[in-house]
Amino acid sequence: MSLLFRCLTAIIALLFLSTASGGLAAERKLLYVATPGIRDYLEYGGHGILVFDIDHGHKFLKRIPSAGLDEKGKPLNVKGICASASTGRLYVSTTQSLMCFDLVSENLLWEKRYEGGCDRMAITPDGKIIYLPSLEREHWHVVDAMSGVVIKKIITNSGAHNTIIGPDGRFAYLAGLKSPILRLSDTTRHEVVREIGPFGNVIRPFTIDGSQKHCYVNVNDLLGFEIGDLESGKVLCRVEVSGFEKGPPKRHGCPSHGIALTQDGKEIWVTDAYNNRVHIYDNTLMPPKKVADIQLRDQPGWVTFGIDGKLAYPSTGDVIDVKTRKIVTALMDEKGAAVQSEKLLEIDFDGKKPVRAGNQFALSELTITAGS
């Protein structure tokens, strides 16, 4: 047997063993959970960025130290989370600041404070621009994601709050706590170019489909959601959850504060705080029809999905198999305490390199036409 053949055989064997044993060659799917992610309550996971191993039962892996403290050294409540695999950066906002972390070294690269505070932001697909809302004030900051420098200020006078950037990066969707209008900003000019609504009340959490045809919106005082047409600007329908009482929630003052689309766009998942439920709707019908209800361990204030769409993550820390609609596990920290957060997303790694980053808002990849 030649020396060359023996060397090649040894290399192949080493590669096989490395992959089979979960070595550096294997991809890892990790869930990043920013805390305190239920207001500033430290009992739901303490302070930091908690990392869980998705492929191994969501086992707790580590706690990345964070910043985001007030003048007395107390952790501020986290308002949003986003990441870019292409730049290898993770961003966490608090009521006062935006933090930027390196996903490989896990070091805090910078923390900056912005006029009017910060809320739930969004990042462009190339990882270069962040739309950062002020804390329920009159404006959004357009921020250079690498440096944190403000590029432009967009004034809407709508109580800036939740932000989505579409999968093609063309538009930023701006929803305020003081307005029933959803505004679209062109991300090349950073100017509002379209308005959707008015909806039945001021807009709370919302999501959009991947083709950017429709938006699905929670509004104040509604157990359910409304659907808007992103092209015409019209509100298409209002859906109220049937079979459940609309009672007072513990937080947000909004019965349904959390809505998500499955990856195929065929289902809408909407939260119900008072009844500790998430309700599932068939989105191939117009209006959508409720098909299932899932009881959770606490009141949900958010819901999103993993990157491949197989797992759902309500803010209660329950982990749900989307196909079976069964709870498969629950997030626990290093001390065995229940973890809850409204600010979480999946990030996948190839060895130490981030290769995919999820979204705190669950956007479908497809547009579903009623009756299809």
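## The largest pocket

By class, the residues lining the largest pocket are 19 nonpolar, 15 polar and 2 charged. The model is a predicted one. In it, this pocket has a volume of about 720 Å³. Its lining is made of 36 residues. Nearest the centre lie Ala-357, Gly-358, Asn-359, Phe-361 and Leu-363.

Which elements give two or more residues to this lining? They are strand E4 (78–84), strand E8 (122–123), strand E12 (160–165), strand E24 (303–305) and strand E29 (353–357). Of these, E4 gives the most, with 4 residues.

## The second largest pocket

The second largest pocket has a volume of about 230 Å³. It is lined by 19 residues. Those nearest its centre are Lys-79, His-161, His-252, Glu-342 and Lys-343. Two or more residues of the lining come from each of E4 and E12.

How do the residues of this lining divide by class, and how many are charged? There are 9 charged residues, 6 polar and 4 nonpolar.

## Ile-227 in strand E18

Ile-227 is found in strand E18, which covers residues 224–229. Is Ile-227 buried or exposed? Its relative accessible area is 1%. The cut-off for buried is under 20%, so Ile-227 counts as buried.

What surrounds Ile-227? Neighbours within four places in sequence are left aside here. Ile-227 is then in contact with Phe-199, His-214, Cys-215, Tyr-216, Lys-234, Val-235, Leu-236, Cys-237, Met-286 and Pro-288. Ile-130 gives another view of the fold: 97 residues separate it from Ile-227 in sequence. In space, their C-alpha atoms are 26 Å apart.

## Cys-237 in strand E19

Cys-237 lies in strand E19, residues 235–240. Along the chain, Cys-237 and Ile-227 are 10 residues apart. Their C-alpha atoms are separated by 5.5 Å. Leaving aside neighbours within four places in sequence, Cys-237 is in contact with Phe-225, Glu-226, Ile-227, Met-286, Pro-287 and Pro-288. Met-286 and Pro-288 are also among the contacts of Ile-227.

Cys-237 counts as buried, because its relative accessibility is 13% and the cut-off is under 20%.

## Cysteines and disulfides

How many disulfides does a search of the whole structure find? The search finds 0. Cys-237 is therefore in no disulfide: a disulfide needs two cysteine sulfur atoms within 2.5 Å, and the nearest cysteine sulfur, that of Cys-215, is 10 Å away.

Cys-254 is in no disulfide either. For Cys-254 the nearest cysteine sulfur is again that of Cys-215, 15 Å away. Cys-254 is buried, with a relative accessible area of 1%.

## Ser-341 in a loop

Where is Ser-341 placed? Ser-341 sits in the loop between strand E27 (326–330) and strand E28 (344–350). Its relative accessibility is 3%. That is under the 20% cut-off, so this loop residue counts as buried.

The side chain of Ser-341 has a polar atom 2.6 Å from the backbone oxygen of Ala-34. Ala-34 is also one of the residues in contact with Ser-341 when neighbours within four places in sequence are left aside. The others are Val-33, Thr-35, Gly-37, Ile-38 and Ser-315.

Key: Residues numbered from 1 in each chain as written. Predicted model: local features only at pLDDT ≥ 70, side-chain atom pairs only at ≥ 80, totals over all residues. Heavy atoms only, no water. 1 Å grid on protein atoms, 1.4 Å probe; cavity = no way out; pocket = protein on both sides within 12 Å on 5 of 7 lines; lining within 4 Å. Points joined across faces, edges and corners; volume = space filled by probe spheres on them. Nonpolar A, V, L, I, M, F, W, Y, C, P; charged D, E, K, R; others polar. Buried < 20%, exposed > 50% of the residue type's maximum accessible area, 1.4 Å probe, protein only. Contact = heavy atoms within 4.5 Å. Polar contact = N/O pair within 3.5 Å; in protein donor to acceptor, adjacent residues only side chain to side chain.
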